[in-house]
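Work through the exercises below with the sequence and the coordinates open. Try each task before reading its solution.

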Amino acid sequence: MRLAVDVGTVRVGVAASDPDGLMAFPVDTVQRGKGDVAAVAAIAAERGAVRVFVGLPRTLAGAEGASAQDARGFAAALAELTEASVRLIDERFSTATASQAMRSAGRSAKRQRQVIDQAAAVVILENALDVDRNGNLDAVTIEVPRKGNDD
């Protein structure tokens, strides 16, 4: 089972796959702040996740800004608290894709706010599952090392 995490400044969206890694579905939204990484690690442990994908927001040109650094920091802290492999994956369009899908389904922007982070995590996970099925995991994602692990 795999998880995906969309790290925002206010909330963290979490999505999970089925045991076979075929489908992704929303799981939870965690408020940012003290204990947020531990809460996501607890979800990973509870669900028996073997891999957690953390969305890495980049600009259209591929550069990394403050949001990307925040996601990297979250991923590094998560790698320390979970047995699962933690990998960063490009998520340039996840929130926009999720928002467009929700608008198409008739959900207003105000009603989206409560679940957009989970929906973005679903988009991240669907992308990651596709990459994994195609055998491109190492080419497209970045494994987050645990401290003290010199492998």
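The exercises concern a predicted model and go from strand pairing to burial, cores and helices.

**Exercise 1.** Determine how β1, β2 and β3 are paired, and in which sense.

Solution. Step 1: take β1 and β2. These strands run antiparallel and are joined by 5 bridges. One residue pair to check is Val5, whose bridge partner in β2 is Val14. The two strands form a hairpin, with 3 residues between them.

Step 2: go on to β3, which covers residues 24-31. It pairs with β2 over 7 bridges, again in the antiparallel sense. Here Ala16 stands opposite Phe25 of β3. The hairpin of β2 and β3 has 6 residues between the strands, and within that hairpin Gly21 takes a positive phi near 70°.

**Exercise 2.** Find the sense in which β4 pairs with β1 and with β5.

Solution. Step 1: β1 and β4 run parallel, with 4 bridges joining them. Leu3 stands opposite Val52 in β4.

Step 2: the pairing of β4 with β5 is also parallel, over 6 bridges. Val52 has Val86 as its bridge partner in β5. Val52 can thus be followed to Leu3 in one direction of pairing and to Val86 in another.

**Exercise 3.** Decide whether the two faces of β2 and of β4 are covered or open.

Solution. Step 1: recall the geometry. Side chains in a regular strand alternate between the two faces of the sheet.

Step 2: sort β2 by side. Arg11, Gly13, Ala15 and Ser17 lie on one side, Val12, Val14 and Ala16 on the other, and all are buried. The count for this strand is 7 of 7 residues buried.

Step 3: do likewise for β4. Arg51, Phe53 and Gly55 point one way, while Val52, Val54 and Leu56 point the other way; all of them are buried. That gives 6 of 6 buried residues in β4.

**Exercise 4.** Identify the residues with the most contacts inside the largest nonpolar core, and the elements that build this core.

Solution. Step 1: the core has 27 residues, and Leu3, Val52, Val54 and Leu78 have the most contacts inside it.

Step 2: assign the core to elements. β1 (2-7), β2 (11-17), α1 (36-47), β4 (51-56), α2 (66-81) and β5 (85-90) each give two or more residues. The largest share, 6 residues, is from α2.

Step 3: separate the other core. It lies apart from the largest one and has 13 residues, including Phe53, Ile89, Val131 and Leu137.

Step 4: list the contacts of Leu78. Leaving out residues up to four places away in sequence, Leu78 touches Val37, Val40, Ala41, Val52, Val54 and Val86.

**Exercise 5.** Classify Asp36 as buried or exposed, and list its contacts.

Solution. Step 1: Asp36 is located in helix α1. Step 2: the cut-off for a buried residue is under 20% relative accessible area. Asp36 has 9% relative accessibility, so it counts as buried. Step 3: its contacts, not counting residues up to four places away in sequence, are Val30, Gln31 and Phe74.

**Exercise 6.** Test the length of helix α5 against the expected span.

Solution. Step 1: α5 (residues 116-133) has 18 residues, so at 1.5 Å a residue the helix should span 26 Å. Step 2: the end C-alpha atoms are 26 Å apart, which agrees. Step 3: note the surroundings. Buried residues of α5 include Ile116, Val122, Ile124, Leu125, Leu129 and Val131. Just after the helix, Gly135 takes a positive phi of about 75°.

Methods. Residues are numbered from 1 along each chain as its sequence is written. This is a predicted model: local features need pLDDT of at least 70, side-chain atom pairs count only at pLDDT 80 or more; totals for chains, interfaces and linings use all residues. Side-chain values use heavy atoms; hydrogens and water are left out. A nonpolar core is a set of buried Ala, Val, Leu, Ile, Met, Phe, Trp, Tyr and Cys residues joined through side-chain atoms within 4.5 Å. Buried means under 20% relative accessible area, exposed over 50%, partly exposed in between (1.4 Å probe, protein chains only). Contact means heavy atoms within 4.5 Å. Two strands pair if DSSP finds at least two bridges between them. The expected span of a helix is 1.5 Å times one less than its number of residues.
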